[in-house]
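Trainee: Could we go through this structure together? I would like to begin with one side chain and work outwards.

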Amino acid sequence: MVGDRDKGSGRYIRSESSDFLLSAKVQKDGYGRHCIPQIYGFLCRAAKRCGIACTVVVPEGTSPAKIGLIKKYGAECVICEPTPTARKETCAKIAKEQGKQEVPPYDDLLVLAGQGTIGLEILRQVPDLDMILVPISGGGLTSGISIAAARVNPKTQVCPVEPVGKDLQPSLEANARLWTGPPQFLPSIADAIRIQQAGDITFPIMCQYTAKKVFTVKDDDMIKAMKWSWENLKVVVEVSSAAGVAVVLSEGFRSETAQKIGVILSGGNCLVDKLMWN
């Protein structure tokens, strides 16, 4: 069973448009954001429909498919140095200079509430899920789904899936941020989930509601899972989105006692003429 992150994000845009996107200040000045795929697509589309200027800040190395989507919806795309700090500072600078409303990519209660609708949808379809596997970046998606699961079925474990180097589990187990130094991007091909540290808002929520069980996947395994999903599920997913599938297909997962598993597929932005397994 597969949940679609984009549907939940879309509900957020629809439900909050009157209170946020159409506010007088935003209508006049527009808004900027530093982005974590895939929410930016809905923000860009909503901005275009409402006639609002939108700027998206992305780090060097962002997938050309994602940059193309931003421009497709008429938003300005600003490329910054490849660090989380540079992305955040660049967006803040643009917002201040141009009088735009800044929208955080994950460290925002409205954002994670919108993403939490995915948890409500998936548990409405299968209320007795044992586990939900969620690709994790800054933790907005994981936090939102964890809160929803705790409300609908507290027995459902929400387990993050991370690239090598994130090392989230020790911090979750200690209920403390054990990362040292400033936030950084990991050297993973999974660009949508390569931020190392969870957010200041999302991390405490995960400590309370998310399972203390984190699955770590290698780049090669995500590429294989991406190909498997295309060939067997007939679903277009990007490499980051295939992280949960990689867990299910792994030998180590065979020992898991969970019987009903939900896997979140978190995006499909990729260039079909440059597929990673070719």
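Trainee: Is K213 buried, partly exposed or exposed?

Mentor: K213 counts as partly exposed, at 26% relative accessibility. Buried means under 20% relative accessible area, exposed over 50%, and partly exposed in between, with a 1.4 Å probe and protein chains only. Please note that this is a predicted model, in which local features need pLDDT of at least 70 and side-chain atom pairs count only at pLDDT 80 or more, while totals for chains, interfaces and linings use all residues. Residues are numbered from 1 along each chain as its sequence is written, and side-chain values use heavy atoms, with hydrogens and water left out.

Trainee: Which side chain meets K213 in a salt bridge?

Mentor: That is E256, with N to O at 3.1 Å. The pair ties together parts that are 43 residues apart in sequence, because E256 lies in the loop between α11 and β9 (261–265) and K213 in the loop between α9 (202–209) and β8 (215–217). Helices (H or I, at least four residues) and strands (E, at least two) are DSSP runs, numbered from the N terminus. A salt bridge is a side-chain nitrogen of Lys or Arg within 4 Å of a carboxyl oxygen of Asp or Glu. E256 counts as partly exposed, at 21% relative accessibility.

Trainee: How many salt bridges are found in the whole structure?

Mentor: The search finds seven. One of them joins K66 and E238, whose closest N and O atoms are 2.8 Å apart. K66 belongs to helix α4 (residues 64–72) and E238 to the loop between α10 (219–233) and α11 (243–249), so this pair ties together parts that are 172 residues apart in sequence.

Trainee: Are K66 and E238 buried or exposed?

Mentor: K66 counts as buried at 1% relative accessibility, and E238 counts as buried at 3%. By contrast, E251 and R254 are both exposed, and their side chains meet in a salt bridge of 3.2 Å, N to O. Salt bridges that share partners also join K66, D191 and E238 into one network.

Trainee: What about K100: which side chain of opposite charge is nearest?

Mentor: The nearest is E76, 4.5 Å away, and K100 has no salt bridge although K100 is buried. For charge, Lys and Arg count as positive and Asp and Glu as negative, while His and the chain ends are not counted. K100 sits in the loop between α5 (84–98) and β5 (101–103). The side chains of K100 and Q98 are joined by a polar contact of 3.2 Å. A polar contact is a pair of N or O atoms within 3.5 Å; within protein, one must be able to donate a hydrogen and the other to accept it, and residues adjacent in sequence count only if both atoms are side-chain atoms.

Trainee: Changing topic, how many aromatic pairs are there?

Mentor: The whole structure has two. W179 and F203 form an edge-to-face pair, 5.7 Å centre to centre with 70° between the planes. Rings of Phe, Tyr and Trp (its six-membered ring) pair if their centres lie within 6.5 Å; planes under 30 degrees apart count as stacked, over 60 as edge-to-face and the rest as tilted. W179 lies in the loop between α8 (168–174) and α9 and F203 in helix α9, so the pair ties together parts that are 24 residues apart in sequence. W179 counts as buried at 12% relative accessibility, as does F203 at 4%.

Trainee: And which residues form the edge-to-face pair with 65° between the planes?

Mentor: Those are F215 and F253, 5.7 Å centre to centre. F215 lies in strand β8 and F253 in the loop between α11 and β9, so parts that are 38 residues apart in sequence are tied together. Both F215 and F253 are buried.

Trainee: Where is D167, and what is its phi?

Mentor: D167 is in the loop between β7 (157–163) and α8, and its phi is near 55°, a positive value in a residue other than glycine. Most residues other than glycine have a negative phi. K234 also has a positive phi, near 60°; K234 lies in the loop between α10 and α11.

Trainee: Finally, how many helices and strands does the protein chain have?

Mentor: The protein chain has 11 helices and nine strands. Of its 278 residues, 56% count as buried.
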